[in-house]
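Colleague: Mind walking me through this one? I keep wanting to ask why things get the labels they get.

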Amino acid sequence: MELRAQTGTFAEVVAGLEPDEKVPTCPEWLLRDLVGHIGQAPRWVAGNLRSGAPAPVPDPRDAEPGPRAGWTDWLLAGADELLDAVAEVGADTTVWTIVGPRPARWWVRRLLADLVVHTADAAFTADVPYPVSAERAADTISEGLELLATPGLASFPGDREGTIALRPSTGDGWLITRTTAGHAWSQGAAAADVTLRGSTQDLLLVLMRRIPLDQVTVTGDRALAAELLTYSV
């Protein structure tokens with residue numbers, strides 16, 4: 001499963017780093033907190049699936065990843081626990097999620113997307129290249145836009161409305177329609193009030209506020225893009 005493979009990639013990136021290192025893209029976290037979150041989240045979801053009800057969201061600082069030498073095994077065991085729980089309840093079985101009832105497999109994609117973004121956090125901490133394919137980055141963008149379009153899940157203060165295009169160097173891209181009530185999105189290229197151009201990986205990192213807007217090419221209403229990034233991610 002891709003979740004397990006991506007977990008292994010994350011583990012490789014953090015191997016050899018000090019637990020007390022600060023994570024520059026998550027300034028409230030030390031590396032041990034980031035590792036704790038990646039191992040804790042799938043275990044939390046697995047417990048919810050098996051019990052049929054959501055437990056309180058755990059604090060990554062309370063996670064116990066153990067000695068650094070055992071991090072890889074602990075992280076992979078967490079991924080396996082989630083995959084096992086999904087198999088046990090049935091991938092198509094309707095379960096509780098943060099966006100309402102969804103098939104149990106929804107959680108695998110959600111945690112994979114979360115893991116992809118946090119692998120970037122680990123890469124920035126280690127000062128190494130970000131190991132993600134354009135295809136995986138693209139699906140992570142789509143998954144993030146689906147979350148942001150869920151009524152009641154995100155807050156959208158501000159009064160700017162308009163359209164924002166994300167144009168990757170490969171693929172069709174995305175069109176986001178921003179209103180004061182929220183936003184909608186669609187796949188594909190279209191004219192927009194502001195267009196962001198760059199690699200799929202860089203567009204993902206900009207959307208998730210891991211790198212500045214300046215690191216992609218912006219054409220049009222820059223303030224509209226800046227407001228989306230300030231309030232919607």
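What follows is a chat about the labels and the values behind them.

Modeller: Keep in mind that this is a predicted model.

Colleague: Fine. How many helices and strands are in the protein chain?

Modeller: Seven of each. Going along the sequence, the order is α-α-α-β-β-α-α-β-β-β-β-α-β-α.

Colleague: What makes the radius of gyration agree with a compact globule?

Modeller: For 233 residues, the globule rule puts the radius near 17 Å, and the protein chain has 18 Å, so the two agree. The C-alpha trace spans about 50 × 40 × 30 Å along its principal axes.

Colleague: And what share of the residues counts as buried?

Modeller: 48% of the 233. As for the surface, the chain exposes about 10,700 Å², with carbon and sulfur atoms supplying 53% of that.

Colleague: Which contacts link residues 24 or more positions apart, as a share of those with a separation of 6 or more?

Modeller: They account for 62%.

Colleague: How far apart are the mean positions of the positive and negative charges?

Modeller: 3 Å, taken over 19 positive and 31 negative charges.

Colleague: Let's go inside. Which residues have the most contacts within the largest nonpolar core?

Modeller: Phe 10, Leu 49 and Leu 196, in a core of 66 residues. Helix 4, residues 106–126, gives the largest share of this core, with eleven residues. As a general point, nonpolar side chains in soluble globular proteins tend to be buried together.

Colleague: What does Phe 10 contact, leaving aside its neighbours within four places in sequence?

Modeller: Leu 34, Val 35, Ile 38 and Leu 75 are among its contacts. The list also includes Leu 115, His 118, Thr 119 and Ala 122.

Colleague: Back to helix 4, then. Why is Arg 110 called buried?

Modeller: Arg 110 lies in helix 4. Its relative accessibility is 15%, and buried means under 20%, so Arg 110 counts as buried. Beyond its neighbours within four places, Arg 110 is in contact with Ile 98, Glu 143 and Leu 147. The C-alpha atoms of Arg 110 and Arg 43 are separated by 14 Å, and the two are 67 residues apart along the chain.

Colleague: What makes Asp 127 exposed?

Modeller: Asp 127 is in the loop between helix 4 and helix 5. The cut-off for exposed is over 50%, and Asp 127 is at 70% relative accessibility, so it counts as exposed. Its phi is near 60 degrees, a positive value in a residue other than glycine.

Colleague: Why is Asp 159 called exposed?

Modeller: Same kind of reasoning: a relative accessible area of 64% set against a cut-off of over 50%, so Asp 159 is exposed. Asp 159 lies in the loop between helix 5 (134–148) and strand 3 (162–168). Residues up to four places away aside, Asp 159 touches Thr 180 and Glu 227. With Glu 227, the C-alpha separation is 9.2 Å, across 68 residues of chain.

Colleague: Now an in-between case. Why does Ala 192 count as partly exposed?

Modeller: Buried needs under 20% and exposed needs over 50%; Ala 192 has 27%, so it counts as partly exposed. Ala 192 is in the loop between strand 5 (182–187) and strand 6 (194–198). Its contacts, neighbours within four places aside, are Thr 163, Ile 164, Ala 165 and Leu 175. Ala 192 and Ile 164 are 28 residues apart in sequence, with 5.5 Å from C-alpha to C-alpha.

Colleague: How do you know that helix 6 is mostly covered?

Modeller: Helix 6 runs over residues 200–207, and six of its eight residues are buried. Those are Thr 200, Leu 203, Leu 204, Leu 205, Val 206 and Leu 207.

Colleague: And what comes just after helix 6, with a positive phi?

Modeller: Arg 209, at about 60 degrees. Arg 209 is a residue other than glycine, and is found in the loop between helix 6 and strand 7 (217–220).

Colleague: Why is Arg 209 partly exposed?

Modeller: Its relative accessible area is 45%, which falls between the 20% and 50% cut-offs, so Arg 209 is partly exposed.

How values were computed: Residues are numbered from 1 along each chain as its sequence is written. This is a predicted model: local features need pLDDT of at least 70, side-chain atom pairs count only at pLDDT 80 or more; totals for chains, interfaces and linings use all residues. Side-chain values use heavy atoms; hydrogens and water are left out. Helices (H or I, at least four residues) and strands (E, at least two) are DSSP runs, numbered from the N terminus. The radius of gyration is taken over C-alpha atoms; the globule rule is 2.2 Å times the number of residues to the power 0.38. Buried means under 20% relative accessible area, exposed over 50%, partly exposed in between (1.4 Å probe, protein chains only). Contact means heavy atoms within 4.5 Å. Accessible areas come from the Shrake-Rupley method with a 1.4 Å probe; for residues, only the protein chains shown count as cover. Lys and Arg count as positive and Asp and Glu as negative; His and the chain ends are not counted. The place of a charge is taken as NZ of Lys, CZ of Arg, CG of Asp or CD of Glu. A nonpolar core is a set of buried Ala, Val, Leu, Ile, Met, Phe, Trp, Tyr and Cys residues joined through side-chain atoms within 4.5 Å.
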